[in-house]
Amino acid sequence: MSLGVCESKSQEGPGFPIGWYSVGRGRDLGVGEVRDVKAFDRELALFRTRSGVAVVTDAFCPHLGAHLGVEGRVVGETIRCPFHGWRFDLQGKCVEIPYCEEIPERARVRTWHVSETNGDIMVWYHPAEEPPTWEVPELEELTSDEWSQPQYWEVTIPNHVQNIAENTCDPEHFQYVHRMQDTPPSKVDIADDGRVLHMVADASQAAHPNTLDVTMHNPGLAIVRTIYGPQAEMLVYSTAQPTTLEETHMRWTLTVRREIVDLVGDDVMRGIKAGINDDLPIWRHKIYREKPVFCKGDTSLVGFRKWVRQFYLD
Ligand code: FES
Ligand SMILES: [Fe+2]
C-alpha cells in the first residue's frame, strides 16, 4: 500500500466540449468594430463587417503574425491586418496585399462558424474542425411583447465549462449550497436524438410552488425556465465562453412574462447572482473527478455524465 500521487487541482480534466459557445454580445459590437477574444485557450479576432456580419477568425496573421483583433481594421467585408495591410475576406482568404500583385496560396487565416442568435455571438467548436451539425435554438420570448425587456449579466467563473453545467443538474447541492429546504425531486430525460438534455425539478419552497425546467443543448448552452403558475414564468438563457480549461465566462439573458415583471424582475437577477456566489467557493477549490463515486440518489448527476460524453471525441 502506498500513499499514491497527491490529488490536486492541477490534474487533468476534460478538453473543450463540442458545441456552440458565445464570444460576445451582439449589441456590444458595432459595424466596423474589431476585438480580441480569448476562447478555447486560443486567441481569436472578432469583428463586424460594413454589411453587419459578425466574423470570428484565428487571431494571428499568416504573414508575420500580428494580432488581427488588436488595431486590425474593417474594410468593407474584409479585415485589414494592422502590420502590413494584408486584407482577408469572410472565408479567411487573403484578397489584397497592398504592395504586391501576387497573393500566396497559403495566405489565409482560419475562420470560425458564427451564429448570432438570441443576442449573443456564438461560435462552433469542434476539436477536429467538423462543421456544425445543428443550429443554436432561437428563443421567441426574447423578442416577444408578452415578455419583459431582457436583462443581461455576465461573470467569469474559475472552472471548466462542464463543471458549471453539471451544477444545474445537481439538485442535491441546492439544499447545502443554496440553502433550499429540501432536495427537490428531479428527473433527467435525454431527447430522442440523444443530444438535448431535459431536466425537470419540483423546486417548490413552502407556499411557493415552482417548477424548474432545464434544456441543455451542449455544456454551457442552456435554457432554464422557472414556472410559478399559469402566465407566471421566467426564462434564463445562458451561454458560455470557455476561455481556458480552468476558466469560463458565462453570459445570462433573463426575461419574465409581462404579468409578473413587477413581482420578480430584479429579485430574480439578484437571486441568480447570489446563487453564483454560493457556488464560487466550491468551484474555486474542487477537482475534477472523472469517475466519481456515485450513490443511488445521484440520478440526475449520473444522467448528466452519460449525456456529456457525446461532446468529446475520446
Ligand atoms: S503581419 Fe499581417 S500583414 Fe504583415
Ligand atoms: Fe449551484
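What follows is a short dialogue on reading a predicted model, from its domains down to single residues.

Biologist: Let us start with the whole chain. Into which domains is the protein divided?

Modeller: Remember as we go that this is a predicted model. The protein is split into domain 1, residues 19-125, and domain 2, residues 140-311. Their C-alpha centres are 32 Å apart.

Biologist: How many residues of each domain are in contact with the other?

Modeller: A general idea helps here: the size of an interface is often expressed as the accessible area lost when the parts come together. For this model we have counts of residues instead: 14 residues of domain 1 are in contact with 17 residues of domain 2. On the domain 1 side, at least two residues each come from strand 1 (19-25), strand 2 (34-39) and strand 10 (120-125). Strand 1 gives the largest share, six residues. Sorted by class, that side of domain 1 holds six nonpolar, four polar and four charged residues.

Biologist: Now I would like to read some strands. How many bridges join strand 14 to strand 15, and in which sense do they run?

Modeller: In general, side chains in a regular strand alternate between the two faces of the sheet. In our case, strand 14 (residues 211-218) and strand 15 (residues 221-229) run antiparallel and are joined by seven bridges. To find your way along the pair, look for T211, whose bridge partner in strand 15 is I227. The two strands form a hairpin with two residues between them, and G220 in the turn has a positive phi of about 95 degrees.

Biologist: And which strand 16 residue stands opposite V224?

Modeller: That is V236. Strand 15 pairs with strand 16 (residues 232-244) in the antiparallel sense, over seven bridges. This hairpin, too, has two residues between its strands.

Biologist: You mentioned a positive phi. What sign does phi have in most residues other than glycine?

Modeller: For most of them phi is negative. Two residues to look up here are Q231 and E71. Q231 is not a glycine, yet its phi is positive, about 60 degrees. You will find Q231 in the loop between strand 15 and strand 16. Phi of E71, also a residue other than glycine, is positive and near 75 degrees. E71 lies in the loop between strand 4 (54-58) and strand 5 (73-75).

Biologist: Why does E71 count as partly exposed?

Modeller: Because E71 has 13 C-beta neighbours inside 10 Å, and a residue counts as exposed at 12 or fewer and as buried at 20 or more. Q231 has 11 other C-beta atoms within 10 Å, so Q231 is exposed.

How values were computed:
Residues numbered from 1 in each chain as written. Chains lettered and ligands numbered in written order. Predicted model: local features only at pLDDT ≥ 70, side-chain atom pairs only at ≥ 80, totals over all residues. Pairing = 2+ DSSP bridges. Helix = DSSP H or I, 4+ residues; strand = E, 2+ residues; numbered from the N terminus. Domains from an automatic or database assignment. Contact = placed C-beta atoms within 7 Å. Nonpolar A, V, L, I, M, F, W, Y, C, P; charged D, E, K, R; others polar.
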